[in-house]
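This report looks at aromatic contacts and charged pairs in one protein chain. Have the sequence and the model open while reading.

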Amino acid sequence: MCLICDRINMIKNGTNPYFVKELETGYVVIGDNQHFYGYTLFLYKNHNHTELFQLDMEERTKFLQEMSIVAQAVANVFKPDKMNYELLGMGDAHLHWHLYPRRNGDIENYGNNGKGPVWWYPMEKMYSDENRPTESELEDMKNKLREELGGLNAACKS
């Protein structure tokens, strides 16, 4: 079983503390570590497909549309200067988006004079336990994101 499937199973049995909201094609979760405040993931529900091009056009369009709604909600709630999107899959071959709200200076002096992708920031710093939200911070983040997703999702359906 893959890590994403494990996390989805935790959502299904009510034990994933980072779970925000279920959408038609996936699950929205807050990232475990919050160096990039508001870091959110969108986990595709089906492990049978590991590439976007494997989805039929209707499913692919819906998945991309929902990811865009999640990104907009993250941007509206956490107010970044820029959003970064990653869909990689070599670590976990399960379709899932990493949505990174970016702020000027968030990778300190790493990268190109402090600018560049998130992976130019040292992993040991990014994934430090110091970057885990407290229980109350996590609940606040989830509630704000859930509320924003509800409004955006309803607006897209009308």
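## Aromatic and charged contacts

Tyr37 is partly exposed, at 38% relative accessibility. That value comes from a predicted model, as do all the others here.

What is the state of the ring partner of Tyr37, Phe78: buried or exposed? Phe78 is buried, with a relative accessible area of 5%. The two ring centres lie 5.1 Å apart. Their planes meet at 85 degrees, and an angle over 60 counts as edge-to-face, so this pair is edge-to-face. Tyr37 sits in the loop between β2 and β3, while Phe78 belongs to helix α2 (residues 57-78). The pair thus links distant parts of the chain, 41 residues apart.

The model holds nine aromatic pairs. Another of them joins Phe36 and Tyr121, with centres 6.3 Å apart and planes at 75 degrees, so this pair is also edge-to-face. Phe36 lies in the loop between β2 (26-30) and β3 (40-44). Tyr121 lies in the loop between β5 (96-102) and α3 (123-126). The contact therefore ties together parts that are 85 residues apart in sequence. Both Phe36 and Tyr121 are buried. They also belong to one aromatic cluster, together with Tyr39, Tyr100 and Tyr110.

One ring has a charge over it. The charged end of Lys45 sits over the ring of Tyr27, 5.4 Å from the ring centre.

Salt bridges come next. How many does a search of the whole structure find? It finds nine salt bridges. Three of these are listed below, with the N to O distance and the relative accessibility of each partner.

| Salt bridge | N to O distance | Acidic partner | Basic partner |
|---|---|---|---|
| Asp32 and Arg132 | 3.9 Å | Asp32, 16%, buried | Arg132, 36%, partly exposed |
| Asp106 and Arg102 | 2.8 Å | Asp106, 11%, buried | Arg102, 8%, buried |
| Asp140 and Lys144 | 3.1 Å | Asp140, 34%, partly exposed | Lys144, 44%, partly exposed |

The bridge between Asp32 and Arg132 links distant parts of the chain, 100 residues apart. Asp32 is in the loop between β2 and β3. Arg132 is in the loop between α3 and α4 (135-157). Both residues also take part in a network of salt bridges with Arg7 and Asp129.

Asp140 and Lys144 both lie in helix α4. They are four residues apart, about one turn of the helix.

Terms used. Residues are numbered from 1 along each chain as its sequence is written. This is a predicted model: local features need pLDDT of at least 70, side-chain atom pairs count only at pLDDT 80 or more; totals for chains, interfaces and linings use all residues. Side-chain values use heavy atoms; hydrogens and water are left out. Rings of Phe, Tyr and Trp (its six-membered ring) pair if their centres lie within 6.5 Å; planes under 30 degrees apart count as stacked, over 60 as edge-to-face and the rest as tilted. Helices (H or I, at least four residues) and strands (E, at least two) are DSSP runs, numbered from the N terminus. Buried means under 20% relative accessible area, exposed over 50%, partly exposed in between (1.4 Å probe, protein chains only). A charge sits over a ring if NZ of Lys or CZ of Arg is within 6 Å of the ring centre and within 35 degrees of the ring normal. A salt bridge is a side-chain nitrogen of Lys or Arg within 4 Å of a carboxyl oxygen of Asp or Glu.
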